[in-house]
Amino acid sequence: MRVAITGSTGLIGSALTRSLLADGHQVVRLVRDRSTTAPADGSETARWDPVAGRVQPGALDGADAVVHLAGAGVGDRRWTAAYKREIHDSRVFGTGTIARAVADSAAPPRVLVSASATGFYGDTGERVVDESEPAGEDFLASVCADWEAAADPARQIGVRVVHPRTGLVVSAEGGAFGRLFPLFRLGLGGRLGSGEQYWPFISLTDHVAALRFALDTEELSGPVNFTAPEPLTNREVTRALGRALHRPAFAAVPAVALRAALGEFAGSITCSARVVPGALDKAGFVFAHPRIDEALDSVLRTAG
């Protein structure tokens with residue numbers, strides 16, 4: 001296949017790019033920085049500007065698929081009003097730009113995989129939720145709903161559109177777990193808030209495999225939860241991380257302290273989302289790391 005990817009330098013995008021290239025597929029990295037040099041891995045580059053709404057002419061020519069992963073990091077900064085706008089607009093404007101470019105292609109790709117997140121569901125408490133659940137009512141839920149709707153131009157011309165609603169990716173290289181690993185190695189890890197909130201997780205290996213599965217599986221369209229089959233509470237996740245690293249996990253950060261340190265973003269850490277991968281299960285996807293101990297072990301083996 002020939003696959004165009006935005007966000008190809010991020011945690012998931014770089015792993016997907018490596019996977020596709022290793023199997024002999026062609027990858028076109030859609031990049032915003034005009035100074036970016038040609039990659040040494042054999043992939044190609046093309047320019048796009050999500051703010052201006054432009055994609056380099058011909059960038060999608062011959063593409064069988066487009067994977068859109070770009071967007072401002074949710075936890076990268078404190079949630080000021082300005083940064084909340086950036087979180088929203090980077091996703092909605094970027095997705096709209098890519099979807100319109102797909103729709104305007106002389107020969108549109110057969111599938112657009114456009115990222116979303118389990119934040120779509122908001123705080124669901126202990127209730128198990130699959131893709132049939134409606135959107136929540138908090139900030140991230142509204143962002144996710146707008147984010148997915150922005151892909152409508154591609155949907156309207158008949159392109160199969162898949163929205164991976166991603167949980168927390170288990171990796172030492174980035175994301176929430178990338179921040180937890182160093183703390184736990186120092187023996188400073190423990191539950192966040194009450195610890196009773198459900199944290200949907202997925203190993204990086206399984207996430208990349210699920211993306212590849214979504215590209216190839218015609219029956220998958222619309223929202224698809226990218227989460228392991230057995231969501232755990234934050235308390236259970238942090239205990240597992242302590243076991244994997246042979247470190248104590250007795251520390252606890254009260255919700256009030258999280259709010260003081262992180263502001264409104266703390267709500268996304270302490271809210272509960274007991275999300276299960278209904279669509280992936282129905283389509284026959286097989287997880288390599290269905291349980292948290294297996295996901296953590298895969299990270300530690302990779303790290304040596």
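Helices (H or I, at least four residues) and strands (E, at least two) are DSSP runs, numbered from the N terminus. The model described here is predicted.

**Helix H5 and the loop after it**

Helix H5 covers residues 175-185. Its buried residues are Phe177, Gly178, Leu180, Phe181 and Phe184. They lie on the same side of H5, because they cover an arc of only 165 degrees around the axis. Several elements contribute to covering these buried residues, among them strands S10 (168-170), S11 (190-192), S12 (198-199) and S13 (201-203). Helices H7 (234-245) and H11 (292-303) also take part in this cover.

Gly187 follows H5 and has a positive phi, near 80 degrees. Leu188 sits in the loop between H5 and S11. On the surface, Leu188 forms a nonpolar patch with Leu183 and Leu186. Together the three have about 310 Å² of accessible area.

**Glu264 and its surroundings**

Glu264 belongs to the loop between helix H8 (255-262) and helix H9 (266-270). Its contacts, leaving aside neighbours within four places in sequence, are Trp79, Lys84 and Phe139. Thr80 is 184 residues away from Glu264 along the chain, yet their C-alpha atoms are separated by 8.5 Å.

**Two loop residues**

The table gives the exposure of Leu188 and Glu264.

| Residue | Loop | Relative accessible area | Class |
|---|---|---|---|
| Leu188 | between H5 and S11 | 54% | exposed |
| Glu264 | between H8 and H9 | 41% | partly exposed |

Leu188 counts as exposed because its 54% is over the 50% cut-off. Glu264, at 41%, is partly exposed because that class runs between 20% and 50%.

Note on methods:
Residues numbered from 1 in each chain as written. Predicted model: local features only at pLDDT ≥ 70, side-chain atom pairs only at ≥ 80, totals over all residues. Heavy atoms only, no water. Buried < 20%, exposed > 50% of the residue type's maximum accessible area, 1.4 Å probe, protein only. Arc of directions from axis to C-beta. Contact = heavy atoms within 4.5 Å. Patch = residues over 30% accessible without salt bridge, like charges linked within 9 Å, V, L, I, M, F, W, Y side chains within 5 Å. Areas by Shrake-Rupley, 256 points an atom, 1.4 Å probe, with all protein chains shown as cover. Salt bridge = Lys/Arg side-chain N within 4 Å of Asp/Glu carboxyl O.
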